[in-house]
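The following exercises concern the ligand site and the pockets of one protein model. Each task is followed by a solution in steps.

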Amino acid sequence: MEKTVKRIGVLTSGGDCPGMNAAVRAVVRTGIYCGIEVIGIRRGWNGLINGDVVRMDVDSVAHIINQGGTILYTARSDEFRTEAGQQKAAATCKLLGIEGIVAIGGDGTFRGCLALAKHGVSVVGIPGTIDNDIGCTHYSIGYDTAANTAVEAIDRLRDTMQSHERCSVVEVMGHRAGNLAQYVGIATGATAVLVPEVAWDFQRDVAERIRSARLSGRNHFMIIVAEGAFNDDEIMKYPGSANKIAEMIRDELGIEPRVTVLGHIQRGGSPTARDRVTATRMGYAAVEALVAGKTNRVICHQNGAITDMDMEEALQVPHYLSMHQEEVLQAMTGIVE
Ligand code: F6P
């Protein structure tokens, strides 16, 4: 790679996810490999506003590929949403000679990138969120680890639900997206799965499925609910959906479900091999893009390939829920329409 930039920054922003450290490591090591200096920016956009920076070297990212969380910390910055905040961030870049930024996060992070780019800083985004709800990419870092964490927890729950012949209602993260709930629902053989993107009816999709499972001889039931299944700002407030569904089950069927909100457990833990490798490939591609003189790009995973897309266009791509997986789920849960 022939370099066109001398110094770049890397930051993590928004909700964290397993694999962020692997992406930071890849950005730092690719940068060094290309003869570029890499500056770690701590606490997301706030770090850029406040000059909260640290020089990165090969050692500063040693032994983090297997660690959850982010060594750079993360934050949601209200100040960076203002023009004054963006100007301060751009001034930090100018002062420190940071010509390009790699930002790891979700849609909000990419909108922040575009704001900074208006001040002449090159930007590249890497998708990292356990929700896997970024339309331009088929895969975002953290999803596989979060799904496996949820599956392991639900398998454990199933053991005790089975012993006690109970109904379990499990809330999985995803306040606007049901990707995680749908995927985990297939992997755990759930009785019913409720997600925000697919219209559902309590009688048809929950009560009747429990009745039908009971009539087929099953005596424990696993209902998976996405955090935002109700698509309703009031109930969506965490934790909400699972408690509401449990109440409806109690009223309708006269059984006492047990509620488990998996919550932030899903955001932690050592990343799976898939997340480590994807994060490393994306980190490499992000530096490659900056070195090639590109800006306003999002690194995407499309049909197995790592590509990059214009950031404004990327933000226009609607969030995608697999309809094939939805059909499979409908078949597995017993009601085919
Ligand atoms: O990372 C995305 C997400 O996990 C959503 O599914 C969830 O609603 C949200 O983050 C909660 O984030 P926080 O508690 O950090 O505000």
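**Exercise 1.** Determine which pocket the ligand takes up, and describe that pocket.

Solution. The ligand occupies the largest pocket. A pocket is an open set of points on a 1 Å grid over the protein atoms alone, where a 1.4 Å probe fits, with protein on both sides within 12 Å along at least five of seven lines; lining residues have an atom within 4 Å of a point. The model is predicted: local features need pLDDT of at least 70, side-chain atom pairs count only at pLDDT 80 or more, and totals for chains, interfaces and linings use all residues. Residues are numbered from 1 along each chain as its sequence is written, and side-chain values use heavy atoms, without hydrogens and water.

The largest pocket holds about 990 Å³ of space. Its lining comprises 40 residues, with Gly15, Arg76, Asp107, Gly108 and Arg176 nearest the centre. Helix α4 contributes the most to this lining, 6 residues.

**Exercise 2.** Identify the polar atoms that lie 3.0 Å from a ligand oxygen.

Solution. First, a backbone N or O atom of Gly174 lies 3.0 Å from an oxygen atom of the ligand. Second, a polar side-chain atom of His175 is also 3.0 Å from a ligand oxygen atom. In addition, a side-chain N or O atom of Arg267 is 2.9 Å from an oxygen atom of the ligand.

**Exercise 3.** Characterise the second largest pocket.

Solution. This pocket contains about 280 Å³ of space. It is lined by 16 residues, and Asn132, His138, Tyr143, Asn179 and Tyr320 are the closest to its centre. Helix α6 (residues 179-188) supplies the largest share of the lining, 3 residues.

Conventions. A polar contact is a pair of N or O atoms within 3.5 Å; within protein, one must be able to donate a hydrogen and the other to accept it, and residues adjacent in sequence count only if both atoms are side-chain atoms. A molecule sits in a cavity or pocket if more than half of its atoms lie within 2 Å of its grid points. Grid points are joined across faces, edges and corners, and a volume is the space filled by probe spheres set on the points. Helices (H or I, at least four residues) and strands (E, at least two) are DSSP runs, numbered from the N terminus.
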